[in-house]
Every structure is written in C-alpha cells, then in structure tokens.
Amino acid sequence: MPPISVITWLKTTPAHLHNFFILYKINKPKKPNGQWHTRPVTSDVTSYPRGLGKWVNQELQPLACKQASFFKDSFELKTIISELSVHPSARLFTADTTSVYTNIKTDVALTLISQLIHQELSKPQQPSYTEALVSALHIVFTNSIVKFGDTYWRQTLGTGMGIAPAPPWATIFYILHEPHFVPKWSTHLIFYKRFIDDIIGIWLPHPDMDTDTSLWSVFCNDLQQWQWHGLEWTVSPRSTRCNFMDLALTLTPTGKIDTNLFEKSQNLYLYIPPGSAHPKGMIKGLIFGNNLCIMHLCSHEDDITTHLANFKTRLLTRGYPHSLLEPLFLQAVKHAKAFITNQGRDHPTQPLPHNTSTKIFLHLEFHPEDPKPQAIHRLWQEYVSEPEGKRPLQDMCNSFKEKVNLDRLTLAYSRPPNLRNRFSVCDISGRGQDVSSYLVE
C-alpha cells in the first residue's frame, strides 16, 4: 500500500490505535520553575494489539511474581516488615527510577526478557508455547502506533505507560540486574524489596564511618549500573524513617519497624458525593476498604483512631449524613478485625468458584431510576433462563449444535459520563489547534 494510501486510511477509518495523552502529577510538588511534573500515557484500550497484550500480561505475571524481590502490595509488605528484627544501627532507604517506562530500551529489553522466557517458562509438553509468547512480546512492543491529535507516530524507544503488559515487563527488566548486585551486598543490604520501579531496603552500616560511607557510595554506583540499559535510580539518604508507597516506616531502637498510613499533603480527599448517580453499595465498599487499609497498615491504636476519625470527618464534609456513616463504620471495624485476626490461618478447602463459562454479562450504564437488580434477575429467570413450560436456556443448542450452557446472569454496571469525560479526554482531535500545525519539517 503506498504511503499516501496509509495516511488516507488512518484519517478515514475509525481509529483502533493507541491514544497518547499526558497527565499532571498533582500529587507531587511542582518543579523549581513552578510547572507540574507530567506522566506520558499511551492508552491501548481500543487498539488492535490490546487482546494480545492482555495475554502477554497474563503470561508474564507469574514470572514477575516468583522473583525474590517481588511483593504484591502494601498489605504483603507490612506483613513481611512486621516479622523483621534488625540491629538498632540499621537504616532504611528508598530508591526509584526516573521515568521507568519511557527509559526502558526496547531492543535490549526484548532480547533479555526473551532469553528469560526461554529459561523459565519452557514447557516440554508445549514446545511452541515459548516461541508464541516471545513473538507476541515483539508484536506488542514493536508495533505501538500512537495517535496524538491529528498525527500518528510509531514508538521506537521506551514503553508506553498504559499498555497492558507494561507493569510485569518493567518488573522483569530490572530483575535481570538484581542477581548481579543484591547477593554481592548481602552483608550490608539485609533487606531488599521492589515494586516495579520503587525499592525499599535496609542497610546495616560498617562500624567504621568512613568505610561505611565509601561502601554506601559503591553500592549506589552498583545500583546505577543498569542505566546503560535505560534506567537511572534516585536513592534517598539512609534514615530511621522513610515513606514508601502508602506506608510511613519507623525503625525503633528495639530493631522492630513500626508502620503508619502515609498520606500525601496534596491529597484533596474528593470522595464521590452522596448525590452522585452511583449504586448505593458504593459508599459501603469505600468505608469497608479504607477501614481495612487503616487498621491493617497502622501498628498503633492511636494512629488507627486518628485516621478513622479523619476519614469520617472527610466523608461528613462531602455531605454524607452521620446517621448513614455511623453504622457502616461500626460494621467495617468489626469486619476488618475479623479479617486481620483470621489472616494467615489454615482454612478448609473452599469450593471452586462458579464456572465463569456459564455466566452471561449484561452491561448497563447505571441510572438510579432503573429497575432494581433483583427485578432484572427475576425477568431473566422467568423469560430467558427457565421460562415456564419451555425448554431451559442451558439445554438449548447454538448454531454450531453446541449446548448454550448459560445459567447465570451477571449485571455489569458502568458509570454515566461525567465532567472528567468532558474535560479530560484521551483523544484531543478537534479540540483547539491541530497538533500537526506545531510540527516543523
């Protein structure tokens, strides 16, 4: 196809490409020049490679999770840290990369991760599996065609944040460096964990201060050796206190680590107000989830009491009545205590979840005046699934003479468009001056 035909096709065919846009990092302090830091995003939700990317993500996740430095979330990190007992002279430190996704060199990452896939994921009973996964990896990460306004680009360097397999891809990429330097520093690096591009570690100093300063400098330099492949790390000073993800960590004189909930000063706590068109269960889920987070992540009762009180005050400020919040908070606290108490205990084998292949999903945009879910389920049962005097749906056959085997309706609600959809869009075509007008040949 001649280039002009490709351009014409792109302009006249509904786009199924990645959309490029930028988010402002309003949760971080501004730059010295007063401007906000930004995050480039390449959304693949409506793109052709999306389905293949989701499969690559599914296959890479187990490989990322099995590594020694991996932890799932703050809950798991809190559990791990609570079991530690270190020397009182030990110090906490954190490190994070500068724009991890955009700085990963695609060709280098493809070569190294492909080698790891052949080593770790080879299946003798499925010899074509690894080749298929490696091929899919190349397709997803070398065919990122991006739409930005009225222009089209092909990303040749870096990883688009927003591509389905980007998180495990980035996690695995640095894992390839860790075996070369983590064991080397085991005498002083007594704890090391990483969440994608955020590192939390504990350093045991050398008794001699000058020697320790020198060792720390060499360690930081070793950490930076991966910069030749695109990654550069910013390492915090060593201290008895640090903030990591949503945890505030304090190393106590006894060698234990206390945890508290870390909340950024820029957080405006703009919870969904009670007048918004959302299901009634939304506020219950919000309260139960936040209560569990607070009670699980905080080491001391005083901190828990303070955070729960602040949370309730913020909801009252958003317009929720005290009469609604009080019983929900009491239920949430009871639920959180039961969850934390039972965590880690041996449980009897649970029955397997309902086979998802027998479900059918009805996607609806939520409206508070719509029929209640119970009424929709009743109609499904009476007129579709098991109509009186007629053959049940699950016993019927489709055009391929296969059993339909559908016996369960699941309602999948989506929210209606809001102000964010109006003012914060992925596709900026037709808004203001064309992007192409800014390009200089």
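A residue is taken as buried when its relative accessible area is under 20%, as exposed when the value is over 50%, and as partly exposed in between. In this predicted model, F219 has a relative accessible area of 0% and is therefore buried.

Aromatic contacts are described next. A pair of aromatic rings is described by the distance of the centres and the angle of the planes. The structure contains 20 aromatic pairs. In one of them, the ring centres of F20 and F148 lie 5.3 Å apart and the planes stand at 90 degrees, so this pair is edge-to-face. The two residues come from distant parts of the chain: F20 belongs to strand β1 (residues 18-24) and F148 to strand β4 (residues 145-148), with their positions 128 residues apart. F20 has a relative accessibility of 21% and therefore counts as partly exposed. F148, at 27%, is likewise classed as partly exposed.

A further pair is formed by W185 and F219, whose ring centres are 5.7 Å apart; their planes meet at 80 degrees, so the arrangement is edge-to-face. This pair also links distant parts of the chain, 34 residues apart. W185 is placed in the loop between α8 (178-181) and β6 (189-195), whereas F219 is in helix α9 (residues 209-223). W185 counts as buried because its relative accessibility is 7%, and F219 is buried at 0%. Both residues belong to one aromatic cluster, which is made up of F93, Y174, F181, W185, Y192, W203, W216, F219 and W233.

Aromatic rings also take part in contacts with charged side chains. The charged end of R314 sits over the ring of Y269, at 3.6 Å from the ring centre. The charged end of K284 sits over the ring of F288, and here the distance to the centre is 5.4 Å.

A polar contact was found at T252, a residue located in the loop between β10 (247-251) and β11 (257-261). The side chain of T252 is in polar contact with the side chain of T254, at 2.8 Å. With a relative accessibility of 15%, T252 falls under the 20% limit and therefore counts as buried.

Cysteines were examined last. The structure has zero disulfides. C65 has a relative accessibility of 37%, which means that C65 counts as partly exposed. For C397 the value is 44%, so C397 is also partly exposed.

Notes:
Residues numbered from 1 in each chain as written. Predicted model: local features only at pLDDT ≥ 70, side-chain atom pairs only at ≥ 80, totals over all residues. Heavy atoms only, no water. Disulfide = S-S within 2.5 Å. Buried < 20%, exposed > 50% of the residue type's maximum accessible area, 1.4 Å probe, protein only. Helix = DSSP H or I, 4+ residues; strand = E, 2+ residues; numbered from the N terminus. Polar contact = N/O pair within 3.5 Å; in protein donor to acceptor, adjacent residues only side chain to side chain. Phe/Tyr/Trp six-rings, centres within 6.5 Å; stacked < 30°, edge-to-face > 60°. Lys NZ or Arg CZ within 6 Å of the ring centre and 35° of its normal.
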